[in-house]
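Please open the structure in your viewer and keep the sequence beside it. The tour below moves from one selection to the next and says what can be found at each stop.

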Amino acid sequence: MAQVREVTPNLSATVETLLGDYLQSARQQCEGEQRKLDGVIDAVNDLHIRHGFLSDEFSTL
């Protein structure tokens, strides 16, 4: 504990700040990944609208 007191006088405030920063970073990363996935979905949908899918030519019945 002495080492902690040398680094920060208020451990709980430091942990709270670090946790808040981590959560914000994780949220931004998830949002970025979601934007990428949305872009892929949009591209596949556009491809399907323009050209259809090969599987559309075959009936499953």
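In this tour a helix is a DSSP run of H or I that covers at least four residues, and helices are numbered from the N terminus. Please keep in mind that the model is a predicted one.

**The whole chain**

Begin by selecting the protein chain as a whole, where the secondary structure comes to 2 helices and 0 strands. The radius of gyration of the chain is 24 Å, well over the 10 Å that the globule rule gives for 61 residues, so the chain is more spread out than a compact globule. If you turn the view along the principal axes, the C-alpha atoms fill a box of roughly 70 × 25 × 15 Å. Switch on the surface next: the accessible surface of the chain comes to about 5,900 Å², and 58% of that belongs to carbon and sulfur atoms. Of the 61 residues in the chain, buried ones make up 3%.

**The loop between the helices**

Now select Thr8, which is found in the loop between helix H1, residues 2-7, and helix H2, residues 11-51. Is Thr8 buried or exposed? Its relative accessible area is 12%, and because buried means under 20%, Thr8 counts as buried. With Thr8 still selected, add Asn10 and look for its backbone nitrogen, which lies 3.3 Å from a polar atom of the Thr8 side chain.

**A nonpolar patch**

Select Met1, Leu11 and Val15 together, and you will have a nonpolar patch on the surface, with about 300 Å² of accessible area for the three residues together. Val15 has its place in helix H2, and at 44% relative accessibility Val15 counts as partly exposed.

**Along helix H2**

Select the whole of H2 and compare its length with what is expected: at 1.5 Å a residue, its 41 residues should span 60 Å, and the end C-alpha atoms are 60 Å apart, which agrees. Within this helix, pick Asp21, which is partly exposed at 45% relative accessibility. From Asp21, draw a distance to Glu31, which is 10 residues away along the chain, and the C-alpha atoms of the two should be separated by 15 Å.

**The salt bridge**

How many salt bridges does the structure hold? There is 1 salt bridge in the structure, and to see it you should select Asp46 and Arg50, whose closest N and O atoms are 3.2 Å apart. Side chains of opposite charge can pair when their charged atoms come close. Both Asp46 and Arg50 lie in helix H2, and they are 4 residues apart, about one turn of the helix. Asp46 is partly exposed, with a relative accessible area of 35%, whereas Arg50 counts as exposed at 62% relative accessibility.

**After the helix**

For the last stop, select Gly52, which follows H2 and has a positive phi, near 70°. Gly52 belongs to the segment after H2, and with a relative accessible area of 26% Gly52 is partly exposed. To finish, draw a line from the C-alpha atom of Gly52 to that of Lys36: the two residues are 16 apart in sequence and 22 Å apart in space.

Key. Residues are numbered from 1 along each chain as its sequence is written. This is a predicted model: local features need pLDDT of at least 70, side-chain atom pairs count only at pLDDT 80 or more; totals for chains, interfaces and linings use all residues. Side-chain values use heavy atoms; hydrogens and water are left out. Buried means under 20% relative accessible area, exposed over 50%, partly exposed in between (1.4 Å probe, protein chains only). A polar contact is a pair of N or O atoms within 3.5 Å; within protein, one must be able to donate a hydrogen and the other to accept it, and residues adjacent in sequence count only if both atoms are side-chain atoms. Patches are made of residues with over 30% relative accessible area and no salt bridge: like charges are joined within 9 Å, nonpolar side chains (Val, Leu, Ile, Met, Phe, Trp, Tyr) within 5 Å. Accessible areas come from the Shrake-Rupley method with a 1.4 Å probe; for residues, only the protein chains shown count as cover. A salt bridge is a side-chain nitrogen of Lys or Arg within 4 Å of a carboxyl oxygen of Asp or Glu. The radius of gyration is taken over C-alpha atoms; the globule rule is 2.2 Å times the number of residues to the power 0.38. The expected span of a helix is 1.5 Å times one less than its number of residues.
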